[in-house]
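Subject: Structure handover

Hi there,

Here is the structure I promised to pass on. Please have a look at it in your viewer, and then read my notes below.

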Amino acid sequence: MFWLNALAGAVLLAVLLAWRRPTVRAERRERFLPALRSGVRYVRHEPAVVAILVRFGAFVFPAGAVWALLPLIANHQLGLDAGGYGVLFSALGVGAVCGALGLGPVKQRLTSSTILTSAGLAFAAAFLALAFTETIWQAVPLLVVCGLAWSASVATVVSELQLFVPGWVRARVIAIYLMVFLGIQSVAAPIWELVTGQFGLRTALVLAGAVGVVTALACSRMPVPDGHSMQRTPVVFWDAPQLQVEPASPSGPVLVVNRYRVDSQNQAGFVEAMGGLRGSRLRSGASKWSLYQVGEKSGWFVEQLRVSSWEEHERQHDGRLTVEDRDIEEKVLALTTERGSPEHLLPARRSAP
């Protein structure tokens, strides 16, 4: 078994060494902490990503009991030795492989939300039934279902994140996904072991299955977007700033001010549309956003977005905005009659002598 695992790893290594991926050169390398903050800010202000992570976390917490309690199921419930435990573990693996191979055709017929709900219910039902098994032959098919549902959930979440998230922040979002994945597993395992110690193995299995049913049904109300239909292609549609004062390097924070004139009949729709623009600004780099109505001029509104540095604002101009962001901004501009030139307020400094 060890040599087979080593052989599989060697094949993967050979594929990676032979892969000639096109080189993508970034003009400026982002510093670690600003890049980390921008990734967290993107996830915080992207409801679709939050929904995906919440649904996945709600699945992993009860489903993680299978990894924590499988040795106890093998030894205490079924009276198996190490070989029997290996058979049970292999059943999970067989189910995972079947789920990975069969997910493609399934995704052509079902939405990602339906797959996640179905996988969660299937896992919970199999785990509930596992609590009442008495032989290995009863347990193996149930564990195959658990492995299949686990694989289908993980693959669906990862694929949707890969398709949905723009390229500039994709790696950071996947890193946050892994933190959620591994963090919830590390918390769930001792909790389910504690429940087992207090109430017994069967009670723990039934409780984990029941929690799985409840979370799957509750989270079905949080739809997962279809990443294939999203317009995540980066576009550059902001005009380059025409500055008379060159910003210091590094310079920040920067305040960007946009002024809009809106007819009275469009003001309600304008304010509502600006809510969508707020999300776009915050996802792409703004740390604070606000909208004001000018008291001295009827029909004029002022948008202010605060960006942590001039470099961060340049990245908004050069590659962080997508087709969807452009559509959001065009919807806002369609409700205006006039737009003032953007103003960039830089930190004040002493003039050069």
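Let me start with Ala125, which counts as partly exposed because its relative accessibility is 44%, and the buried class ends at 20% while the exposed class begins over 50%. You will find Ala125 in helix α6. A partner from further along the chain is Ala210: the two residues are 85 positions apart in sequence, yet their C-alpha atoms are 8.3 Å apart in space. Do keep in mind that this is a predicted model.

Helix α6 covers residues 112-130, and Ser112 belongs to it as well. Is Ser112 buried or exposed? With a relative accessible area of 7%, Ser112 is buried, because the limit for that class is 20%. Its side chain makes a polar contact of 3.0 Å with the side chain of Lys107. Setting aside residues up to four places away in sequence, Ser112 touches Lys107, Thr156, Glu160 and Val224.

The other residue I looked at is Thr196, which sits in helix α8, residues 170-199. Thr196 is also buried, at a relative accessible area of 12%. What does the side chain of Thr196 find at 2.8 Å? A polar atom of that side chain lies at this distance from the backbone oxygen of Trp192. Once neighbours within four places in sequence are left aside, the contacts of Thr196 are Leu69, Leu72, Leu201 and Ala204.

Now for the chain as a whole. The protein chain holds twelve helices and five strands. Its radius of gyration is 26 Å, whereas a compact globule of 353 residues would come out near 20 Å. Along the principal axes, the C-alpha atoms fill a box of roughly 80 × 50 × 40 Å. Among the contacts with a separation of 6 or more, 80% join residues 24 or more positions apart.

On burial and surface, 42% of the 353 residues count as buried. The accessible surface amounts to about 19,700 Å², and carbon and sulfur atoms account for 62% of that.

Finally, a word on charges, in case you plan to look at them. The chain carries 32 positive and 25 negative charges, and the mean positions of the two sets are 4 Å apart.

Happy to talk any of this through whenever it suits you.

Best wishes

Technical notes: Residues are numbered from 1 along each chain as its sequence is written. This is a predicted model: local features need pLDDT of at least 70, side-chain atom pairs count only at pLDDT 80 or more; totals for chains, interfaces and linings use all residues. Side-chain values use heavy atoms; hydrogens and water are left out. Helices (H or I, at least four residues) and strands (E, at least two) are DSSP runs, numbered from the N terminus. The radius of gyration is taken over C-alpha atoms; the globule rule is 2.2 Å times the number of residues to the power 0.38. Buried means under 20% relative accessible area, exposed over 50%, partly exposed in between (1.4 Å probe, protein chains only). Contact means heavy atoms within 4.5 Å. Accessible areas come from the Shrake-Rupley method with a 1.4 Å probe; for residues, only the protein chains shown count as cover. Lys and Arg count as positive and Asp and Glu as negative; His and the chain ends are not counted. The place of a charge is taken as NZ of Lys, CZ of Arg, CG of Asp or CD of Glu. A polar contact is a pair of N or O atoms within 3.5 Å; within protein, one must be able to donate a hydrogen and the other to accept it, and residues adjacent in sequence count only if both atoms are side-chain atoms.
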